[in-house]
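Subject: Handover of a structure, with findings

Dear colleague,

Please find the structure below, together with its sequence. My account of what was found in it follows, and I would be grateful if you read it with the structure open.

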Amino acid sequence: MALYSTSINQTRKALQAHIVSSSLCSLFRVSRFPSENAKDSVIDSRMVKTGFDLDTCRLNFQLRKLVDRSEIEHARKLFDEMSDRNTVSVNTMLWGYVKVGNVSLAREFFDSVVRRTAVLWTIMIGAYSQRNQFKNAFNVYVEMCREGTDRPDEVTFATLLSGCSDDSNAAKEVVQLHGHVVRAGFDTDIKVCNTLLDSYWKSRCLEPAVQLFSGMQNKDSVSFNVMITGYSKCQMNEGAIKLFLEMRYLGLKPSDFTFAAIFCAIVCLDGVVLGQQVHGLVIKSNFVSNVYVANTMLDFYSKQVRIDDAIKLFDEVPELDGVSYNIIITGYANNEQYEESVNIFRRLQLTRFNRRGFPFETMLSIAANVLNLEMGRQIHAQTILTMANSEVPVANALVDMYAKCSKFDEANIIFANLAWKSNVPWTAVISANIQKGLYEDALKLFNDMRRDAIFGDQSTFACVLKASANLASLSIGKQLHACITRVGFVANVFCGSATLDMYAKCGSIKEAARIFQEMPVRNIVSWNAMISAYAQNGDAKSTFMFFNEMICSGLLPDSVSFLSVLTACSHQGLVEEGLRHFNSMTQRYRLVPRKEHYTSMVDLLCRSGQFNEAEKLMAQMPFEPDEIMWLSVLSSCRIHKNRELAKRAADKLFSIENLRDAAAYVNLSNIYAETGNWENAATVKKVMRRQGIKKATAYSWVEIEHKVHLFTANDVKHPKIELIKEKVNTLAKRMEEEGYKPDTSYALLYNVDDEIKVESLKYHSERLAIAFALISTPEGSPILVLKNLRTCPDCHAAIKVISKIVEREITVRDPSRFHHFRDGHCSCGDFW
C-alpha cells in the first residue's frame with residue numbers, strides 16, 4: 001500500500017482540474033442574453049481565448065472526445081489537420097499520450113512544442129510521476145526551471161512530489177524541492193506540504209519529515225495519515241499511536257488509511273486490547289463496511305494468532321474481496337490449521353473474484369508442508385490456467401513444493417525456466433539436494449548462487465550449514481560461519497542453531513557450546529540443537545543437564561527434545577532414566593510419542609538385553625513395528641547371541657514388501673556365521689543374490705587440507721596407498737605389543753584361514769583413513785573420520801589402542817553417533 005494514496009489521488013485530480021481551469025473545459029457564465037426560449041446562454045472560456053474562433057473551439061471539443069475515448073491515432077490526425085491550434089489543443093494532445101500510457105511519444109510531442117506553458121510542463125512531469133519514474137520527472141522540472149518561461153505552481157510541485165516512491169532513493173532531490181517550495185511561497189499550501197511530507201518518508205528522511213510536520217500551520221487528516229503511516233513503516237509504532245491520539249484530540253476524523261496504518265502499528269506492538277478498542281472505533285465511525293479497513297482488521301487478528309476472532313469478523317463484514325479470503329487462508333496456514341485453509345480456499349473458488357489473485361503461494365506451501373503432491377499438482381494446474389505461474393512468488397512456491405515432495409526433476413525444470421531467480425528458489429533447490437543426500441551438489445549450487453550475486457538469507461545459510469554438517473567438513477563450515485558473521489545473520493536464532501549443529505556434527509562440541517552461550521536469543525530450536533549435540537556425542541550427563549536447564553528457562557520440551565534424551569539413554573544403556581523420560585512425555589507434558597520415540601525405547605531395551613520388555617512395548621504400540629525397529633532388534637540379537645528372536649525379527653523383516661535394505665540379510669547371515677552355521681549363512685547370501693539385494697559398500701573419509709579422501713576396505717586406488725599400508729602394518733605391530741588381539745568373527749570371510757581374516761581386518765576403511773590422517777597431519781593434532789556404516793567391534797577395539805599409541809584424540813562418526821577415542825578409551829564406554 002502506498003504511504004499516501006489519498007494525497008496522490010488528490011494530486012491527480014488537481015492536475016486534471018489545473019488543465020481544465022487553465023484551458024480545457026472551464027465553462028463560466030459571462031452574461032445573460034434574452035432569447036426566444038428565454039433560456040440562459042453560456043459562453044465557453046475557450047471561445048474567449050481563441051478570439052471567438054468557433055472552428056478551433058469546435059475542433060478542440062472533438063479532440064477532447066477522441067482523447068477521452070483513448071483514440072489517440074485519430075486524435076493526432078485531427079490535431080495535425082487543425083490550421084489554428086492553441087494552448088488547449090496542445091495540452092489536450094499531450095494529455096492524450098499520457099492517458100494511454102505512451103510516455104515516449106508524449107515526450108517526443110512535448111519536445112516539439114515551441115512555447116511550453118506551466119500546464120504543459122506539469123502534464124509532462126505527471127506522466128513520469130504516475131509511473132513512479134521520479135528521477136525522470138525531476139529532470140523535466142529542472143529543464144522547466146532552466147527555461148524560465150513559466151514558473152511552477154502548487155500543482156506542479158504536488159504532481160512532481162507524488163511520483164516519489166519507496167525505491168526512488170531521492171532524498172537529495174526532495175530536500176532541493178523543499179527549498180524551491182519555500183522560495184515559491186507554497187510552504188503554506190497544505191496539499192504541497194502533505195506531498196512533501198510523504199516524499200520525505202518515502203526517501204527515509206525521518207528528521208526533515210518530523211520538522212516539516214511540526215512547523216506546519218495547518219494540518220488535516222491527510223497530514224496525520226502520512227505521519228502515522230511513516231512511523232508505522234519505520235517500526236516507530238509508539239510514535240504512530242501517539243499521533244493517532246493527538247489526531248483524535250484535535251477532532252480530525254480518521255480515514256480508511258488512518259485505520260490501516262494504526263492497525264499495522266498495533267500488530268507490531270502485540271497490542272491485542274488496543275486493537276480491539278480501535279476495532280470499536282471503526283464500528284462507531286461506520287468504516288466496518290469498508291472492505292479495505294475490514295481487511296486490515298482481519299490481518300491484525302490473524303497476525304495476533306486470534307484466528308477465531310478473525311473468522312468471526314470474516315463472517316460478519318458485509319463486503320469481502322479476494323484479499324479478505326487470502327488473509328484468512330494465510331492466517332490458518334500460519335497457524336498450521338491446514339484443513340481450515342483448504343476449506344476457505346474451496347469457498348473462494350466459488351466466488352467471482354479474479355482467480356489470478358488467489359493465494360496460490362500459500363496453498364502450495366501447505367501442499368509442501370503436508371507432502372501432498374496431488375494437491376500441489378492441482379494448484380499448479382490452476383496457476384497455469386490463470387497464468388499466475390509466471391509470477392515470481394508463485395513460481396518460487398512451485399519449486400519449493402516439488403522439491404519437498406521429492407519430485408526433484410519437476411523442481412529443477414521450473415527452477416531452470418525462472419526469468420529471475422531470487423534466494424527463495426535457490427534455497428529450495430539447495431534444500432532438495434540435501435534431501436537427496438547430494439551434499440556436494442548443494443554446496444556447488446550455493447556457490448553458483450553467490451556467483452549470480454544472490455547472497456541468500458537465513459534459511460539459505462541454515463541449509464548449506466546442514467550440508468557441511470553432514471559432510472563433516474569443518475573447513476567449509478568455518479567459512480560459512482565467517483560469511484554469516486559478515487552479513488549480520490550471526491544473531492539470528494535459526495542461523496545460530498544451524499551453526500551450532502554444524503560444529504557439533506563436525507566433532508567440535510566445545511565450539512558448539514561456545515556458539516550456544518553467545519546466542520543473544522534462544523528458542524526451542526537452539527536448545528534442541530545443543531541437547532542433540534551432546535546426545536549424539538554420547539554425553540548423557542550434559543544432555544540431561546541442558547534438558548533441565550531448558551525447562552528452567554521457561555521453555556517446555558517438545559517431541560524433538562525427548563527424542564534426543566532417549567537417544568542419549570540408548571547410547572549409554574540408561575534404561576531406568578529412559579523409561580522415566582518416556583513416561584513423562586504423556587503423563588507430564590501431554591505429548592504423544594511418535595514412532596521414532598518407540599524405536600529409541602526398543603533399541604534401548606534390546607541393547608541392554610531386556611528383550612521381553614522390548615517385545616511388550618512393541619505389542620502396546622499404536623502402530624505396527626516398521627523396518628527400522630526390527631533392524632534394531634536384529635542388531636541387538638547379534639550382540640547378545642539371541643538367535644531365536646533374531647530369526648523372528650528376520651522373518652518379520654523379510655515379510656515386509658519391497659524390503660531393499662541389505663542390513664537384515666547381512667545381520668542374519670553374520671549371526672549364523674558366528675555360530676558356525678555356514679550352510680544357513682550361505683542360504684541367506686543366495687537369497688540376497690536371487691533378489692538382487694547388495695550390501696552397501698562400507699567407506700570412510702577424512703578431510704585433509706580442504707580435500708576429502710575416501711577409502712573402502714582393502715582400498716588400492718589412493719595415490720598414497722603404499723605409505724598408508726606401511727603405516728597400518730607399523731601400527732599393527734605396536735598394537736600387538738599393547739595386547740590387542742583381532743576378533744576374526746568380524747572378518748566376514750567364510751571357510752578361510754584366520755591369517756587371511758586378520759589381514760582383511762587390518763585394512764578396513766576406517767583404519768586406512770586413520771593411517772592416512774596420521775601420515776598427513778602434525779603430531780598431536782586431532783583426527784576426525786566419517787563412516788557411512790556402523791563401526792565393527794574389532795575396529796572399535798583397534799582404534800582405542802591406536803589412540804593410546806599415537807597419543808591423539810581420534811573421533812569416528814558413524815550414522816548414529818560419535819565415538820571419541822582418547823588414551824585407549826572411548827566415550828561410549830563400549831556400550832554402542
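**The hairpin and its sheet**

Strands β3 (residues 699-704) and β4 (residues 707-712) run antiparallel and are joined by 6 bridges. Please keep in mind throughout that this is a predicted model. Two residue pairs will help you to find the register of these strands. Trp-701 has Leu-710 in β4 as its bridge partner, and Ser-700 stands opposite Phe-711 in β4. As background, side chains in a regular strand alternate between the two faces of the sheet. The hairpin of β3 and β4 has 2 residues between the strands, and Glu-705 takes a positive phi near 50 degrees there.

The hairpin belongs to an open sheet of 6 strands, with mixed pairing and the order β4-β3-β5-β6-β7-β8. Which strands stand at the edges? They are β4 and β8 (825-826); each has a single partner strand, so one side of each is left without a neighbour in the sheet. Helix α44 (residues 793-806) packs on this sheet and touches β6 (810-813), β7 (818-822) and β8. The direction of α44 makes about 40 degrees with that of β7.

**Nonpolar cores**

In soluble globular proteins, nonpolar side chains tend to be buried together. In this model the largest nonpolar core holds 212 residues, and those touching the most other members are Met-124, Ile-228, Met-401, Met-530 and Val-633. Helix α7 (residues 118-129) gives the most to this core, with 9 residues. A second, separate core has 30 residues, including Ile-724, Leu-768, Val-785 and Val-801.

Ile-228 is a good place to look inside the largest core. Leaving aside residues up to four places away in sequence, Ile-228 touches Ala-240, Leu-243, Phe-244, Met-247, Thr-258, Ala-261 and Ile-262.

**Ile-524 and its contacts**

Ile-524 lies in helix α31 (residues 524-536). Is this residue buried or partly exposed? Its relative accessible area is 21%, so Ile-524 counts as partly exposed, since buried requires a value under 20%. Again not counting residues up to four places away in sequence, Ile-524 touches Met-550, Leu-555, Leu-556, Pro-557, Asp-558 and Ser-561. Gln-235 is 289 residues apart from Ile-524 along the chain, and the C-alpha atoms of the two are separated by 27 Å.

**Salt bridges**

Side chains of opposite charge can pair when their charged atoms come close. The count for this model comes to 33 salt bridges. Three pairs and one network are described here.

Asp-299 and Lys-303 meet through their side chains in a salt bridge, at 3.2 Å from N to O. How many residues apart are they in helix α17 (residues 291-303)? They are 4 residues apart, which means that about one helical turn separates Asp-299 from Lys-303. Asp-299 is partly exposed at 22% relative accessibility, whereas Lys-303 is exposed, with a relative accessible area of 53%.

Glu-518 and Arg-514 also meet in a salt bridge, at 2.7 Å from N to O. Both lie in helix α30 (residues 509-518), 4 residues apart, which is about one turn of the helix. Arg-514 is partly exposed, at 33% relative accessible area.

In the salt bridge between Glu-391 and Arg-356, the closest N and O atoms are 2.9 Å apart. This pair links distant parts of the chain, 35 residues apart: Glu-391 is in the loop between α22 (373-386) and α23 (392-404), and Arg-356 is in the loop between α20 (338-349) and α21 (360-369). Glu-391 is partly exposed at 28% relative accessibility, and Arg-356 is partly exposed with a relative accessible area of 31%.

Finally, a network of salt bridges links Arg-107, Asp-111, Arg-116, Glu-143 and Glu-147.

**Cysteines**

How many disulfides does the model contain? The count comes to 0 disulfides. Why does Cys-205 have no such bond? The closest cysteine sulfur to that of Cys-205 is in Cys-164, at 8.6 Å, which is too far for a bond because a disulfide needs sulfur atoms within 2.5 Å. Cys-205 is buried, at 11% relative accessibility, whereas Cys-264 is partly exposed, at 39%.

With kind regards

Terms used
Residues numbered from 1 in each chain as written. Predicted model: local features only at pLDDT ≥ 70, side-chain atom pairs only at ≥ 80, totals over all residues. Heavy atoms only, no water. Salt bridge = Lys/Arg side-chain N within 4 Å of Asp/Glu carboxyl O. Buried < 20%, exposed > 50% of the residue type's maximum accessible area, 1.4 Å probe, protein only. Core = buried A, V, L, I, M, F, W, Y, C linked by side-chain atoms within 4.5 Å. Contact = heavy atoms within 4.5 Å. Pairing = 2+ DSSP bridges. Axes fitted to C-alpha atoms, helices over the stretch in contact; angles between N-to-C directions.
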